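Please read these points with the model open beside you. They start with one term and then go through the ligand, the chain and one helix.

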Amino acid sequence: MHKYIVWNRMAIISIASTKGGVGKTSLAFSLAKDLGYRYATNDMSVALNKYNNARYYPKKIPLYPDTVYDFGGFDADHADEILRASDIILLPTTNDLNSIMKSLIFIKKYSEKTILVFANMIDNPNDAIMIKAKIHEHFPNLAFTYLRRTKLLKNALESGLSATQFFESSKQNQHLYRQAYSEYNKILKLFTTEGQYFQAPKA
Ligand SMILES: Nc1ncnc2c1ncn2[C@@H]1O[C@H](COP(=O)(O)OP(=O)(O)OP(=O)(O)O)[C@@H](O)[C@H]1O
Ligand SMILES: [Mg+2]
């Protein structure tokens with residue numbers, strides 16, 4: 001089981017992957033908005049027009065607390081300093097060998113960091129189990145969660161709302177996105193539940 005460390009200050013949260021299109025921006029925007037954190041990115045992204053606390057840094061990204069970093073179009077040198085200083089790195093991983101392999105290489109590089117592998121766009125529970133097994137084969141202690149294939153984050157972003165705001169905005173959304181929201185909320189709760197946090201994995 002994972003041990004927990006006390007969570008007593010505003011966090012630096014990075015969402016990164018060396019693979020494109022795995023869901024970094026969608027998750028980063030929503031988490032930032034739900035937490036009232038700054039959203040910072042080195043990538044032109046639609047999220048920039050949807051949140052007044054969103055900042056675009058095409059060159060060097062400054063290090064701030066209470067920030068969710070979205071490292072799109074991954075450039076390791078550019079992001080490295082922030083990644084090393086992050087309290088947690090969320091690593092979206094999709095169900096294909098290329099994505100899993102890139103995640104394994106990334107984890108090895110940042111093995112001293114607290115990393116949450118976030119299996120995204122999961123079509124059936126077995127896919128999540130398979131990704132988890134492949135990751136744990138190499139890094140048995142790594143924290144893992146998943147989000148099903150859903151339009152929750154996309155529709156929220158398009159409306160300029162966080163996933164929570166979008167979910168709560170109508171009875172219909174609460175009905176349509178009940179499962180997806182509960183999966184998303186598990187991630188959100190890492191940062192909102194007093195004193196609960198993943199301990200850094202040992203590679
Ligand atoms: N859980 C999910 N289920 C289905 N679609 C998703 C999910 N998460 C994200 N998507 C969709 O996948 C696409 C890529 O997502 P997103 O732009 O967030 O990825 P990204 O990693 O930031 O991509 P890039 O590398 O281009 O910056 C978007 O159309 C988004 O709506
Ligand atoms: Mg992106």
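1. A polar contact is a pair of N or O atoms within 3.5 Å; within protein, one must be able to donate a hydrogen and the other to accept it, and residues adjacent in sequence count only if both atoms are side-chain atoms. With that in hand, look at V22: a polar backbone atom of V22 is 3.1 Å from an oxygen atom of ligand 1. A polar backbone atom of G23 is 3.0 Å from an oxygen atom of ligand 1. In the side chain of N120, an N or O atom is 2.7 Å from a nitrogen atom of ligand 1. The protein covers 73% of the 630 Å² of accessible area that ligand 1 has on its own.

2. The model is predicted: local features need pLDDT of at least 70, side-chain atom pairs count only at pLDDT 80 or more, and totals for chains, interfaces and linings use all residues. Residues are numbered from 1 along each chain as its sequence is written, chains are lettered from A and ligands numbered from 1 in the order in which they are written, and side-chain values use heavy atoms, with hydrogens and water left out.

3. Which residues are closest to ligand 1? They are K24, T25, S26, N120 and T150, out of 15 that surround the ligand (a heavy atom within 4 Å). Helix α1 (24-35), β6 and β7 each give two or more residues to this shell. The largest share, 3 residues, comes from α1.

4. The chain has 8 helices and 7 strands (DSSP runs numbered from the N terminus: H or I of at least four residues for helices, E of at least two for strands). Of its 203 residues, 50% are buried (under 20% relative accessible area with a 1.4 Å probe, protein chains only; exposed is over 50%).

5. Helix α4 runs over residues 125-138 and has 14 residues. From first C-alpha to last, α4 reaches 21 Å, close to the 20 Å expected at 1.5 Å a residue (1.5 Å times one less than the number of residues). At its N-terminal end, N124 caps α4 with a side-chain oxygen 2.8 Å from the backbone nitrogen of N126.

6. Which residues of α4 are buried? They are D127, A128, I131 and I135. These lie on the same side of α4 because they cover an arc of only 100° around the axis (taken from the directions from the axis to the C-beta atoms). On the other side of α4, P125, N126, I129 and E137 are exposed. The buried residues of α4 pack against β5 (88-93), α3 (97-109), β6 (115-122) and β7 (143-148).

Key. Contact = heavy atoms within 4.5 Å. Areas by Shrake-Rupley, 256 points an atom, 1.4 Å probe, with all protein chains shown as cover.
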